[in-house]
Amino acid sequence: QVQLVESGGGLVQAEGSLRLSCAASGLTSSNYAMGWFRQGPGKEREFVGANSRIGGITKYAESVKGRFTIARDDAKNTVYMKRNSLKKEDTAVYYCAADRGRSPWRVATQPSEYDAWGQGTQVTVSS
């Protein structure tokens, strides 16, 4: 059974930093592209960033480019997202997701392209 568990959320002040982790079980993370999405209050789930299964290809949403960094440790079956210079508009529930994908270089940006999801972790940025 595939399971993704996010951790590292919480309350942080604006301009602060936070690192989220996503631990995978029931799958080998090196066989999946991994992505992060978020859903703010009253908003739809939106793409934040993701990296490919191989090749180290990474995409980010424009709103987080330059502030968020995704890294993966396949030996630990874990994906991380370091977020710097946090803003109030970054307040959301953050989800990690796994994409089996046909292409090992694909970086999917749509929720429908992902095969497994975590339960989410709340991040609240205060001013």
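# Charges, rings and strands

Mentor: The charged end of Arg 83 lies over the Tyr 94 ring, 4.6 Å from the ring centre.

Trainee: What makes the charged end of Arg 83 sit "over" the ring of Tyr 94?

Mentor: Two limits define it: NZ of Lys or CZ of Arg within 6 Å of the ring centre and within 35 degrees of the ring normal. Arg 83 is at 4.6 Å, so the distance limit is met. Arg 45 has such a contact too: its charged end is 3.8 Å from the centre of the Tyr 95 ring.

Trainee: Where do these values come from?

Mentor: From a predicted model, where local features need pLDDT of at least 70 and side-chain atom pairs count only at pLDDT 80 or more, while totals for chains, interfaces and linings use all residues. Residues are numbered from 1 along each chain as its sequence is written, and side-chain values use heavy atoms, leaving out hydrogens and water.

Trainee: Why is the pair of Phe 37 and Phe 47 called edge-to-face?

Mentor: First, the total: the structure holds 5 aromatic pairs. In the pair of Phe 37 and Phe 47, the ring centres are 5.7 Å apart and the planes stand at 75°. Rings of Phe, Tyr and Trp (its six-membered ring) pair if their centres lie within 6.5 Å; planes under 30 degrees apart are stacked, over 60 edge-to-face, the rest tilted. The distance is within 6.5 Å and the angle over 60, so both labels hold.

Trainee: What does the pair of Phe 37 and Phe 47 tie together?

Mentor: Parts that are 10 residues apart in sequence, because Phe 37 lies in strand β4 (residues 33–39) and Phe 47 in β5. Strands are DSSP E runs of at least two residues, numbered from the N terminus. Phe 37 and Phe 47 also belong to one aromatic cluster with Tyr 95, Tyr 114 and Trp 117.

Trainee: Do Phe 37 and Phe 47 count as buried or exposed, and how do you know?

Mentor: Buried means under 20% relative accessible area, exposed over 50%, partly exposed in between (1.4 Å probe, protein chains only). Phe 37 has 0%, so it is buried. Phe 47 has 15%, so it is buried as well. In β5, 5 of the 6 residues are buried, so the strand is largely enclosed by the rest of the structure.

Trainee: What makes β4 and β5 a pair?

Mentor: Two strands pair if DSSP finds at least two bridges between them. β4 and β5 have 5 bridges, antiparallel, so they qualify. Arg 38 stands opposite Glu 46 in β5. The two strands form a hairpin with 6 residues between them, where Gly 42 has a positive phi of about 70°. β5 also runs antiparallel to β6, over 3 bridges. There, Ala 50 has Lys 59 in β6 as its bridge partner.

Trainee: Why is Ile 54 in a nonpolar patch if it is only partly exposed?

Mentor: Patch residues need over 30% relative accessible area and no salt bridge; nonpolar side chains (Val, Leu, Ile, Met, Phe, Trp, Tyr) are joined within 5 Å, like charges within 9 Å. A salt bridge is a side-chain nitrogen of Lys or Arg within 4 Å of a carboxyl oxygen of Asp or Glu. Ile 54 has 37%, so it is partly exposed and still over the patch limit. Its partners are Ile 57 and Trp 105, and together they have about 280 Å² of accessible area (Shrake-Rupley method, 1.4 Å probe; for residues, only the protein chains shown count as cover). Ile 54 lies in the loop between β5 (46–51) and β6 (58–60).

Trainee: What makes the phi of Asn 77 worth noting?

Mentor: Most residues other than glycine have a negative phi. Asn 77 is not a glycine, yet its phi is positive, about 55°. It is in the hairpin of β7 and β8, with 4 residues between the strands. At 16% relative accessibility, Asn 77 is buried. Ser 85 also has a positive phi, near 50°. Its 29% makes Ser 85 partly exposed, in the loop between β8 and β9 (92–99).

Trainee: How do you know that β8 is largely enclosed?

Mentor: 5 of its 6 residues are buried, so the rest of the structure largely encloses β8. β7 pairs with β8 in the antiparallel sense over 6 bridges. Strand β3 (residues 18–25) is also joined to β8 by 6 bridges, antiparallel. Leu 18 has Arg 83 as its bridge partner in β8.
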